[in-house]
Amino acid sequence: MAGKRQHYIPQFLQRGFTIEKNGAKTWVARVDRNPYQSNIQNVGVEGYFYTKENDIIVDELITKEEEIISKTVNSLKKYDNNNPVSGEVAAKLVAHFEIRTRSLRVNFSQAIKNIVQAISDTFENKTLFYDYLVRKIKRDRKFIKDIIDKVQISNKQKKILTRTIQKDPNLLLYYLPDSVMPIMATQLRQEFSSQIINNKIKEIHLKTLKETIAPEEKINIFSRLNFRIIKTKEILILGDSIVVFINSLGIQKPFYDKDDKIRLIVMPLDSNTCLIGSSDRSHEYSIEEIRNFISSCSLEFFISSDKDIAEKYCKQIGSFASILSRCQADSIIREVLNE
């Protein structure tokens with residue numbers, strides 16, 4: 001993997017979803033365009049994804065791990081239908097692929113951006129924000145005092161202003177100019193620009209991967225499931241999250257949430273082979289359902305060896321892929337303000 005172009009979806013895995021068996025080209029499905037053919041060298045790749053400046057430790061760790069993982073995947077692809085798989089072996093694969101993808105990194109970046117945007121929008125909503133301030137002042141008398149203490153006026157003026165606003169919080173409307181809130185919103189957006197957020201999330205992601213490229217805690221949790229290989233003549237697809245989780249409520253996710261009870265883990269290995277981990281064998285999942293899971297939990301794209309399959313599921317991309325949507329962020333901020 002050494003060099004600028006680093007695959008967050010390894011080529012050895014993509015090769016199982018190429019148009020010709022173990023070929024170089026695949027169909028790429030994105031929600032905003034028709035499926036198109038691409039060489040897997042150009043799919044699931046980003047410049048310096050696992051490196052930061054001269055720090056190549058994570059890239060070297062991932063490259064070394066891929067040598068082991070590729071052998072494991074190739075071995076599992078030779079299993080017969082319904083052949084059981086060691087929980088520990090399967091769990092290591094799942095834990096590794098969940099933590100290394102761009103899907104995870106972009107998701108966290110977008111979640112923070114949505115929260116920042118929701119907060120800055122609140123600053124610009126004078127009615128909403130002032131209603132919150134008035135309630136806050138009434139509940140917490142020290143709140144306004146701490147703010148006024150920082151204002152460059154005499155102590156006598158501070159005491160008078162503090163008592164006045166505590167007595168009638170609505171007077172705050174007269175002391176804060178209309179321009180203050182938009183200025184605060186602009187400053188907030190600048191301090192949390194997309195570039196700053198993306199760089200910080202990358203830094204955190206790489207730090208996490210340095211510590212472990214297959215978290216032991218997750219391996220212990222995942223290994224409790226019953227894993228097996230599913231063989232099918234129908235065509236499977238590979239999403240950009242690689243792994244999909246379905247919890248006990250039936251909610252699909254491209255990541256594991258520590259509060260979830262896992263019902264199902266899905267990891268396609270090639271167009272006709274899938275690794276399945278389940279807590280309960282009483283419900284069998286069709287290939288149609290599995291393709292729905294994978295496409296819905298893909299954040300940006302999935303790949304397929306079949307154009308028709310790519311066309312059929314491309315509109316579902318992103319349906320269940322986000323950690324926190326913009327609407328959810330707005331809802332959270334409003335709930336906090338109304339408490």
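Buried means under 20% relative accessible area, exposed means over 50%, and partly exposed is what lies in between (1.4 Å probe, protein chains only). The model is predicted, so local features need pLDDT of at least 70 and side-chain atom pairs count only at pLDDT 80 or more, while totals for chains, interfaces and linings use all residues. Residues are numbered from 1 along each chain as its sequence is written, and side-chain values use heavy atoms, with hydrogens and water left out.

**Exercise 1. Sort Asn82, Tyr48, Asn34 and Ser103 into buried, partly exposed or exposed.**

Step 1. Start with Asn82: its relative accessibility is 38%, so Asn82 counts as partly exposed. Asn82 sits in the loop between H2 and E5. Helices here are DSSP runs of H or I with at least four residues, strands are E runs of at least two, and both are numbered from the N terminus.

Step 2. Tyr48 comes out at 43%, so Tyr48 is partly exposed too. Its loop runs between strand E4 (45-47) and helix H2 (57-76).

Step 3. Asn34, at 65% relative accessibility, is exposed; this residue belongs to strand E3.

Step 4. Ser103 has a relative accessible area of 5%, which makes Ser103 buried. Ser103 is part of helix H4. Leaving out residues up to four places away in sequence, Ser103 touches Asp240, Ser241, Pro254 and Leu299, where contact means heavy atoms within 4.5 Å.

Step 5. For the whole protein, buried residues make up 45% of the 339 residues.

**Exercise 2. Give the phi values of Tyr48 and Asn82 and say what stands out.**

Step 1. Recall the background: most residues other than glycine have a negative phi.

Step 2. Tyr48 is not a glycine, yet its phi is positive, about 55 degrees.

Step 3. Asn82 is also a residue other than glycine with a positive phi, near 70 degrees.

**Exercise 3. Describe how H4 packs on H10.**

Step 1. Two packed helices are described by the angle between their axes and the distance between the axes. Axes are lines fitted to C-alpha atoms, for helices over the stretch in contact, and angles run from 0 to 180 degrees between N-to-C directions.

Step 2. For H4 (residues 102-124) and H10 (residues 194-211), the axes come within 9 Å and cross at roughly 140 degrees.

Step 3. That makes H4 and H10 oblique to each other; angles under 35 degrees count as roughly parallel, over 145 as roughly antiparallel, 65 to 115 as roughly perpendicular, and the rest as oblique.

Step 4. Now list the contact: H4 brings Arg105, Phe108, Ser109, Ile112 and Lys113, and H10 brings Ser194, Ile197, Asn198, Ile201, Lys202, His205 and Leu206.

Step 5. By class, this contact of H4 with H10 has five nonpolar, four polar and three charged residues. Ala, Val, Leu, Ile, Met, Phe, Trp, Tyr, Cys and Pro count as nonpolar, Asp, Glu, Lys and Arg as charged, and the others, Gly among them, as polar.

**Exercise 4. Do the residue bookkeeping for H6 and H7.**

Step 1. Helix H6 (residues 141-148) and helix H7 (residues 155-167) pack at about 145 degrees, with axes 10 Å apart.

Step 2. From H6, Arg141, Lys142, Ile144, Lys145 and Ile148 meet Lys158, Leu161, Thr162, Ile165 and Gln166 of H7.

Step 3. Sorted by class, the contact of H6 with H7 has four nonpolar, two polar and four charged residues.

**Exercise 5. Lay out the two open sheets and find their edges.**

Step 1. One open sheet has four strands in the order E3-E2-E12-E7, with antiparallel pairing. Two strands pair if DSSP finds at least two bridges between them.

Step 2. Its edges are E3 (33-39) and E7 (238-239); each has a single partner strand, so one side of each has no neighbour in the sheet.

Step 3. Five bridges join E2 (residues 25-30) to E3, and Arg30 has Arg33 in E3 as its bridge partner.

Step 4. The other open sheet has six strands, ordered E5-E6-E11-E10-E8-E9, again with antiparallel pairing. Here E5 (84-85) and E9 (252-253) are the edge strands.

Step 5. Walk inward from E5: two bridges pair E5 with E6 (residues 226-231), and Val85 stands opposite Phe227. Six bridges then join E6 to E11, with Leu275 in E11 as the bridge partner of Ile229. Another pairing, E10 (residues 262-270) with E11 (residues 273-278), has six bridges, and Val266 is opposite Ile276 there.
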